[in-house]
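Trainee: I am new to this protein and would like a close look at one part of it. Please walk me through that part and its surroundings.

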Amino acid sequence: MTELYRIRPADVWVQARDDYLSGLSAETVCRRHDLGLSAFRRRARRYGWRRSDQVDPPPGELNLALYDDLTPEEQIATARLRFLEALEVGKATEARRWRRLWIELCDARNAIDAEFMAGMTPQEMAASLAEDAGTDESEDEARLLGAPRLTGPETLELCTKVHSKKLPSPGPA
């Protein structure tokens with residue numbers, strides 16, 4: 001027998017509301033929390049969760065402090081994930097916008113890296129990259145997954161290859 005109604009506890013609805021108001025689409029929120037889209041829309045209308053129901057702060061009073069802890073790498077990863085999410089649901093225009101943002105963030109990061117490493121010798125670049133890798137959690141994850149750890153000139157060569165590549169331009173907008 002199939003379940004006719006999916007009754008979800010209040011904490012699921014609270015999390016769904018928070019996800020929706022943080023910027024996720026209604027379809028994504030419903031898929032993430034296993035909610036019906038019409039039930040979500042009905043509840044959002046009834047309790048004032050819709051973005052159109054939200055009060056816009058006066059100009060100049062935006063509180064962007066909640067984004068202070070986002071690193072450029074997290075911003076790039078978020079833009080990439082949103083791009084993939086839009087592709088998955090077939091929203092080509094939205095996917096194109098997220099891809100453009102993703103590329104712009106990558107270009108900005110590469111420009112900062114190039115500026116930072118402009119006067120460095122290859123040995124200094126390798127030392128700087130090794131120092132950064134020591135604090136990065138991805139190195140620990142790579143070791144857990146069994147990926148080989150690069151040291152010495154291979155690291156510098158890999159870095160040069162990665163940072164010298166340009167992402168393809170998104171084409172005319």
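Trainee: In which helix is the place of Arg32? Please build the picture outward from there.

Mentor: Arg32 sits in helix α2. Keep in mind that this is a predicted model. Let us set the scene first, then come back to that helix.

The protein has eight helices and zero strands. Along the sequence the pattern reads α-α-α-α-α-α-α-α. There are 173 residues in the protein, and 20% of them are buried. The exposed surface comes to about 13,100 Å². Carbon and sulfur atoms supply 56% of that area. Now take the contacts in the protein with a separation of 6 or more: residues 24 or more positions apart account for 54% of them.

How far does the predictor trust its model? The mean pLDDT of the protein is 77. A value of 70 or more is reached by 69% of the residues. Confidence is highest in α3, at a mean of 91. Confidence is lowest in helix α8, residues 153–164, at a mean of 52.

Now to α2 itself. The helix covers residues 26–33. Its buried residues are Ala26, Thr28, Val29, Cys30 and His33. The cover over them includes α1, α3 and α4, the last spanning 72–88.

Start with Arg32. This residue is partly exposed, because its relative accessible area is 49%, and a residue must pass 50% to be exposed. Leave aside neighbours within four places in sequence, and Arg32 is in contact with Asp19 and Leu24. Asp19 is 13 residues away along the chain. The C-alpha atoms of Arg32 and Asp19 are separated by 9.5 Å.

Next comes His33, also in α2. Its relative accessibility is 16%, so His33 counts as buried. Beyond residues up to four places away in sequence, His33 touches Arg8, Val12, Gln15, Ala16 and Asp19. Asp19 therefore turns up twice: Arg32 contacts Asp19, and so does His33, with buried status for His33 resting on that 16%.

Just after α2 comes Asp34. Asp34 lies in the loop between α2 and α3. Its phi is near 55 degrees, a positive value in a residue other than glycine. Asp34 counts as partly exposed, at 40% relative accessibility.

Move to the other side of the helix. Ser25 is found in the loop between α1 and α2. Ser25 counts as buried, but look at the figure: its relative accessibility is 19%, and the cut-off is under 20%. The side chains of Ser25 and Thr28 are joined by a polar contact of 2.7 Å. Thr28 is one of the buried residues of α2. Not counting residues up to four places away in sequence, Ser25 touches Tyr20, Arg51 and Lys91.

Leu24 has its own set of contacts. Outside its neighbours within four places in sequence, Leu24 is in contact with Asp19, Val29, Arg32, Arg51 and Arg82. Arg51 is thus listed for Leu24 and for Ser25.

Leu24 also belongs to the largest nonpolar core. That core has 11 residues: Trp13, Ala16, Tyr20, Leu24, Ala26, Val29, Cys30, Leu35, Phe40, Ala44 and Trp49. The elements that give two or more residues to this core are α1 (10–21), α2 and α3 (37–47). Apart from it lies another core, of seven residues. Among them are Phe83, Ala86, Trp102 and Cys106.

Two cysteines have now come up. Cys30, in the largest core, is buried, with a relative accessible area of 5%. Cys106, in the other core, is buried too, at 7%. A disulfide is a covalent bond between the sulfur atoms of two cysteines. The rule asks for sulfur atoms within 2.5 Å. By this rule the count is zero disulfides.

One last stop, for contrast. Leu105 is in helix α5, residues 92–116. Leu105 counts as partly exposed, at 22% relative accessibility. Leaving out residues up to four places away in sequence, Leu105 touches Gln75, Ile76 and Ala79. Gln75 is 30 residues from Leu105 in sequence. In space their C-alpha atoms are 7.7 Å apart.

Key: Residues numbered from 1 in each chain as written. Predicted model: local features only at pLDDT ≥ 70, side-chain atom pairs only at ≥ 80, totals over all residues. Heavy atoms only, no water. Buried < 20%, exposed > 50% of the residue type's maximum accessible area, 1.4 Å probe, protein only. Helix = DSSP H or I, 4+ residues; strand = E, 2+ residues; numbered from the N terminus. Contact = heavy atoms within 4.5 Å. Areas by Shrake-Rupley, 256 points an atom, 1.4 Å probe, with all protein chains shown as cover. Core = buried A, V, L, I, M, F, W, Y, C linked by side-chain atoms within 4.5 Å. pLDDT = per-residue confidence, 0-100. Polar contact = N/O pair within 3.5 Å; in protein donor to acceptor, adjacent residues only side chain to side chain.
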